[in-house]
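Good morning, colleagues. Please have the sequence and the structure in view while I speak.

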Amino acid sequence: MYGEGLAMKALPREFSVGNHPNPFNPVTTISFALPVDSRVTLDVFNVIGQRVNRLVDGEMNAGEHRIVWDATDEAGSKVASGIYFYRINVD
């Protein structure tokens, strides 16, 4: 039987998001749970609202996800030390 002996993990019932460690240096892991398959964008912004990096842009399956941000911008250069915000959009 397919999947015999494998534990089935229940899908999340609701959307959730968080990150750790916070504050971070030099990386942080952004975790989120999707109750259904969704189109997701995950962006990082500096304190003046400029997008620094887009970490996710596409369809993702329902379940738990972890994205590591290594404090780089879209060009792959390290960003300055400071406060950053992330925004996740889910359809």
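I shall go through the overall fold, the sheet, the nonpolar core and an aromatic pair.

Please bear in mind throughout that this is a predicted model. The protein chain has six strands and zero helices, and its pattern along the sequence reads β-β-β-β-β-β. Of the 91 residues in the chain, 30% are buried. The exposed surface of the chain comes to about 6400 Å², and carbon and sulfur atoms supply 53% of that area. As for contacts with a separation of 6 or more, 50% are between residues 24 or more positions apart.

Let us turn to the sheet. In what order do the three strands of the open sheet lie? The order is β4-β3-β6, and the pairing is antiparallel. As a general point, strands of a sheet pair through backbone hydrogen bonds, in either a parallel or an antiparallel manner. Here β4 and β6 are the edge strands, each of them pairing on one side only. From one strand to the next, the twist averages 10°. Between β3 and β6, six bridges are found. If you would locate aspartate 43, its bridge partner in β6 is arginine 87.

I come now to the interior. The largest nonpolar core comprises nine residues: Ile30, Phe32, Leu34, Val40, Leu42, Val56, Met60, Ile67 and Ile88. Three elements give two or more residues to this core, namely β2 (28–34), β3 (38–45) and β4 (51–60). Which of the elements gives the most to the core? That is β2, with three residues.

One member of the core, isoleucine 67, merits a separate word. Setting aside its neighbours within four places in sequence, isoleucine 67 contacts Thr28, Thr29, Ile30, Phe32, Leu42, Leu55 and Val56.

Finally, I turn to the aromatic residues. The structure holds one aromatic pair. The partners are tryptophan 69 and tyrosine 84, with ring centres 5.5 Å apart. Why is this pair described as edge-to-face? The ring planes stand at 70°, and planes over 60 degrees apart count as edge-to-face. The pair links distant parts of the chain, for tryptophan 69 belongs to strand β5 (residues 63–69) and tyrosine 84 to the loop between β5 and β6 (85–90), 15 residues apart.

Are these two partners buried or partly exposed? Tryptophan 69 has a relative accessible area of 2% and is therefore buried. Tyrosine 84, at 21%, is partly exposed, because buried means under 20% relative accessible area.

Notes:
Residues numbered from 1 in each chain as written. Predicted model: local features only at pLDDT ≥ 70, side-chain atom pairs only at ≥ 80, totals over all residues. Heavy atoms only, no water. Core = buried A, V, L, I, M, F, W, Y, C linked by side-chain atoms within 4.5 Å. Buried < 20%, exposed > 50% of the residue type's maximum accessible area, 1.4 Å probe, protein only. Helix = DSSP H or I, 4+ residues; strand = E, 2+ residues; numbered from the N terminus. Contact = heavy atoms within 4.5 Å. Phe/Tyr/Trp six-rings, centres within 6.5 Å; stacked < 30°, edge-to-face > 60°. Pairing = 2+ DSSP bridges. Axes fitted to C-alpha atoms, helices over the stretch in contact; angles between N-to-C directions. Areas by Shrake-Rupley, 256 points an atom, 1.4 Å probe, with all protein chains shown as cover.
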